[in-house]
Amino acid sequence: MRSRLAAIVLIVSGVVLCAVTLAQHTVPAASPFTKVVSNFKPAMTDHNIVQLRADLKVVGDGADGLSTQALPALATQTGQTPEQLQAGLAQRYPKVTTGLQQLPLITKDFNGFADLLQAQQSNFDSVAAIPVQGVKPTTIPPALLGVGSLMVLLGLGTLLKPRSRGLPRTALALGLAVIATCLVASLPHKAGDSAQLKTALAPVLTRQSIDADERALQVMADMATQLQTQLLPDTAAALHVSPARLAAQLTGASPALGVLFQQLPQIQARFTSLVDLLDANLATWQKASKPSLVVLIRTLLACAAAAALAGGGALFGRRRADVVDVMIPVAIPVQGSRYGHVPEGQRTRT
């Protein structure tokens with residue numbers, strides 16, 4: 001009876017593990033998961049996050065310097081009030097005006113993204129080490145399906161050979177080995193980290209969010225282009241100075257603007273590269289994030305525990321049955337007993 005129950009438990013555990021593995025889209029997600037981790041690893045480094053913050057500071061300080069220092073100085077040079085200059089900019093150079101209006105919100109949003117990357121560094125590092133450091137995540141689906149299939153085979157074997165000791169021992173060893181491997185590799189902890197990372201990145205890795213980032217980059221690019229190719233040359237011509245001299249005068253009024261002029265091409269390239277990274281990996285991320293590692297690992301541990309208990313229970317039941325088998329009562333005729341019954345206390349064991 002115990003062997004039959006152990007066999008049923010093993011078969012059910014194996015089927016459940018295989019079914020959950022397939023239902024969680026683990027097989028098609030394994031390769032995208034590997035690609036996402038590899039592609040995002042450079043963006044999650046301390047160096048990249050520090051560089052992103054530095055770039056945002058340059059953009060923010062430069063835009064502020066343009067609004068509060070350089071443009072008022074330019075208004076004085078052209079004999080206008082700051083309000084008149086702003087009105088003229090809005091009419092003749094709308095992209096510059098739009099950029100000045102939107103840059104504070106743009107830099108705030110990108111700073112929020114930098115905060116997100118920094119806050120999720122430890123979770124990303126944990127997820128990058130799934131299942132263990134140096135082993136690719138593509139090994140997870142075949143491993144789960146292999147363990148589940150082995151449980152089913154052990155259960156079927158136990159049904160066919162209920163008196164076998166080797167099959168329950170193998171089931172017990174398999175269950176304990178799986179549990180020990182999960183705990184040593186910190187898979188429950190890593191699964192929790194993956195859930196936190198997925199939740200944190202979900203609002204960022206959407207089509208709407210990436211489109212908004214691309215529009216923000218376009219606003220910055222349009223502002224810089226119109227500022228350098230139209231506003232400065234037109235104003236320089238009106239003041240009868242060279243564009244280079246006018247730019248020098250503006251950067252003298254606002255050193256932060258000078259730093260922005262100097263670093264803007266590299267900053268734009270880095271911003272574009274980051275948004276392109278999000279865009280290029282959006283579809284891959286959507287496939288990679290479908291499985292719930294928490295569900296998978298919990299299912300694996302539960303099935304492994306069931307297999308270990310089934311194997312141990314079958315072994316214990318088999319041992320008790322063996323003990324009972326050797327406890328054979330032997331009837332010894334006793335003088336004075338009419339039917340040859342053995343009086344209480346005179347039965348022997350063989």
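This is a short talk on the confidence, salt bridges, core and cysteines of one predicted model.

Confidence first. The chain averages a pLDDT of 89, and 90% of the residues score at least 70. Two stretches need care. Residues 323-328 have a pLDDT below 50, and beyond near neighbours in sequence they make six contacts in the model. Residues 345-350 are also below 50, with nine contacts counted in that way. Where pLDDT is low, predicted coordinates should not be read in detail. I will leave those contacts there.

Now the salt bridges. The count comes to six. I will walk through three of them.

Start with aspartate 115 and arginine 53. Their side chains meet at 2.5 Å, N to O. Aspartate 115 sits in helix H5, residues 94-119, and arginine 53 in helix H3, residues 46-77, so this pair ties together parts that are 62 residues apart in sequence. Are the two partners buried or exposed? Neither word fits: aspartate 115 is partly exposed, at 40% relative accessible area. Arginine 53 is partly exposed too, at 25%.

Next, aspartate 55 and arginine 270. The N to O distance in this salt bridge is 2.7 Å. Here helix H3 supplies aspartate 55, and helix H12, residues 255-280, supplies arginine 270. The two residues are 215 apart along the chain. Look at the accessibility. Aspartate 55 is buried, at 2%. Arginine 270 is partly exposed, at 34%.

Third, arginine 207 and aspartate 279. This salt bridge has an N to O distance of 2.9 Å. Arginine 207 is in helix H10 and aspartate 279 in helix H12, so parts 72 residues apart in sequence are tied together. Both ends are partly exposed: arginine 207 at 34%, aspartate 279 at 28%. There is a third member here. Arg207, Asp211 and Asp279 form one network through salt bridges that share partners.

On to the core. The largest nonpolar core has 89 residues. Which members touch the most others? They are Leu52, Leu66, Phe113, Leu231 and Phe271. In general, nonpolar side chains of soluble globular proteins tend to be buried together.

Take leucine 231 from that list. Leaving out residues up to four places away in sequence, leucine 231 touches Leu74, Leu89, Tyr93, Val96 and Gln226. That last contact leads us to glutamine 226. Glutamine 226 lies in helix H10, residues 207-239. Its relative accessibility is 8%, so glutamine 226 counts as buried. With the same exclusion, its contacts are Arg92, Tyr93, Pro94, Lys95, Val96 and Leu231. One distance for orientation: the C-alpha atoms of glutamine 226 and serine 242 are 17 Å apart, across 16 residues of chain.

A quick check on helix H2, residues 26-40. At 1.5 Å a residue, its 15 residues should span 21 Å, and the end C-alpha atoms are 20 Å apart, which agrees. The buried residues of H2 are Thr26, Ala29, Ala30, Pro32, Phe33, Val36, Val37 and Phe40.

Last, the cysteines. How many disulfides does a search of the whole structure find? Zero. Why is cysteine 18 not bonded? Its closest cysteine sulfur, in cysteine 303, is 8.9 Å away, too far for a bond. Cysteine 182 is in no disulfide either; its nearest cysteine sulfur, again that of cysteine 303, is 11 Å away. Cysteine 18 is buried, with a relative accessible area of 15%. Cysteine 182 is buried as well, at 2%.

That is the tour. Questions are welcome.

Terms used. Residues numbered from 1 in each chain as written. Predicted model: local features only at pLDDT ≥ 70, side-chain atom pairs only at ≥ 80, totals over all residues. Heavy atoms only, no water. Disulfide = S-S within 2.5 Å. Buried < 20%, exposed > 50% of the residue type's maximum accessible area, 1.4 Å probe, protein only. Helix = DSSP H or I, 4+ residues; strand = E, 2+ residues; numbered from the N terminus. Contact = heavy atoms within 4.5 Å. Expected span 1.5 Å × (residues − 1). Core = buried A, V, L, I, M, F, W, Y, C linked by side-chain atoms within 4.5 Å. pLDDT = per-residue confidence, 0-100. Salt bridge = Lys/Arg side-chain N within 4 Å of Asp/Glu carboxyl O.
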